[in-house]
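This report describes how the parts of one protein chain are arranged and then looks at two single residues. Keep the structure in view while reading.

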Amino acid sequence: MKKRILTGDRPTGQLHLGHYVGSLKNRIEMQHSHEQFVMIADAQALTDNYDHPEKIRSNIFEVMLDYLAVGIDPSKSTIFIQSQIPQLFELTFYFLNMVTYNRLKHNPTVKMEMQQKGMEETVTAGFMIYPVSQAADIALFGGEVIPVGADQMPIIEQTNEIVRRFNSVYHTDVLKEAQPLLSLCPRLPGADGKAKMSKSLGNALTLSASFKEIEEVVKKMYTDPAHLRVEDPGKVEGNVVFTYLDAFDPDLNRVKELKDHYQRGGLGDMTLKRHLIQVLENCVAPFRENRERLKQNPQMVLDLLQEGTSRAKKEGQRKLEEIKDAMRINYRLDHFSTMR
Ligand code: TRP
């Protein structure tokens with residue numbers, strides 16, 4: 001039997017190149033050998049955007065376009081909208097009993113996000129518990145393999161703690177532990193080389209970036225500040241242009257030659273950057289074209305989303321029954337009569 005994948009993204013904006021190397025690439029490959037569920041995590045996105053539901057609403061469509069444009073194939077993968085699966089929220093409520101409040105407060109992913117978003121003082125209960133809701137996403141869809149970026153590792157770990165606790169408390173094995181699948185290049189830095197690529201930091205290239213946008217971002221990319229003259233030897237480590245070439249240039253030998261040349265001296269930053277611009281353009285151009293074409297037919301895109309969501313809903317209903325049986329809370333009237 002094919003192993004199950006459950007994965008997803010928050011629809012807070014268009015997806016960017018960081019998403020592509022971090023997990024989309026894996027999902028596109030794995031959808032052939034796995035049974036894949038891809039979730040547009042709108043409810044999770046609302047945990048820190050609850051006051052802007054229209055932003056999340058409109059980005060559901062954008063993310064769906066991105067998925068289809070990069071090659072997530074709706075005949076192979078079930079793409080669905082999280083908020084339309086009520087069983088997820090029911091399971092979250094039961095899962096909340098499987099984790100201590102203290103443990104939640106120490107989840108590194110949540111702590112980092114709180115810091116980045118300056119919400120230390122104002123964090124809501126909903127945001128604090130989103131890792132538990134994510135555990136429910138994974139468990140309800142029986143996710144065994146989770147293609148995600150490295151920042152999500154603590155959440156997968158916490159999911160497995162919840163799964164083990166659940167199975168031991170209810171003497172069952174209905175829930176499976178999940179394994180993260182990291183890409184070889186799990187974390188793409190922003191053009192400044194400091195933070196990870198992220199839309200909110202303004203250093204990200206979307207999957208439909210124009211040639212001009214690619215040029216602009218690459219031109220201001222951080223290289224080696226000590227590499228002043230073309231003939232000087234330059235450093236490869238920490239040089240963002242090379243990090244991107246490692247992630248995007250399919251010709252590994254060429255990247256190696258460029259690195260050697262740069263370290264020897266004689267390869268200018270501008271020549272190097274022009275090469276990267278072309279490499280990124282080759283990657284993005286087909287996505288950009290697919291996206292344009294798909295945008296001409298919004299009804300078809302919405303229909304695909306509707307179909308995926310219906311399929312996911314059936315799967316969620318089935319699995320929740322199984323889980324409630326294991327918890328022995330799936331009361332039926334005949335049980336009630338013997339209980340009284
Ligand atoms: N937390 C993920 C993100 O920040 C989105 C997500 C929600 C997810 N549920 C998931 C990822 C389950 C993998 C598995 O984009």
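## Two domains

The C-alpha centres of domain 1 and domain 2 are 35 Å apart. The model is a predicted one. Its chain is divided so that domain 1 covers 4-189 + 298-339, while domain 2 covers 211-293. Domain 1 is therefore written as two stretches of the chain, because the domain assignment gives it the bounds 4-189 and 298-339.

## Where the domains meet

On the side of domain 1, 13 residues are in contact with eleven residues of domain 2. Between them the two domains bury about 1100 Å², and 70% of this area is on carbon and sulfur atoms. Three residues, Leu 17, Ala 69 and Pro 189, supply 46% of the area that domain 1 buries against domain 2. No other three residues supply as much.

There are also polar links across this boundary. Two salt bridges are counted between domain 1 and domain 2. Glu 62 forms a salt bridge with Arg 291, and the closest N and O atoms of this pair are 2.8 Å apart. The number of residue pairs in polar contact between the domains, with both residues at pLDDT 80 or more, is four.

Which elements give two or more residues to the side of domain 1 that touches domain 2? They are helix H1 (17-30) and helix H3 (53-70). The largest share, five residues, comes from H3. By residue type, the side of domain 1 that touches domain 2 divides into nine nonpolar, one polar and three charged residues.

## Thr 309

Helix H14 spans residues 298-327 and contains Thr 309. Is Thr 309 buried or exposed? Its relative accessible area is 6%, and Thr 309 counts as buried because this value is under 20%.

Apart from its neighbours within four places in sequence, Thr 309 is in contact with five listed residues: Ile 79, Phe 80, Ile 81, Gln 84 and Ile 85.

## Met 112

Met 112 is part of helix H6, which runs over residues 108-116. The relative accessibility of Met 112 is 35%. This value lies between the 20% and 50% limits, so Met 112 counts as partly exposed.

How far apart are Met 112 and Asp 151 in sequence and in space? They are 39 residues apart along the chain, and their C-alpha atoms are 9.5 Å apart.

Methods:
Residues numbered from 1 in each chain as written. Predicted model: local features only at pLDDT ≥ 70, side-chain atom pairs only at ≥ 80, totals over all residues. Heavy atoms only, no water. Contact = heavy atoms within 4.5 Å. Buried area = accessible area lost by both parts, 1.4 Å probe. Salt bridge = Lys/Arg side-chain N within 4 Å of Asp/Glu carboxyl O. Polar contact = N/O pair within 3.5 Å; in protein donor to acceptor, adjacent residues only side chain to side chain. Helix = DSSP H or I, 4+ residues; strand = E, 2+ residues; numbered from the N terminus. Nonpolar A, V, L, I, M, F, W, Y, C, P; charged D, E, K, R; others polar. Buried < 20%, exposed > 50% of the residue type's maximum accessible area, 1.4 Å probe, protein only.
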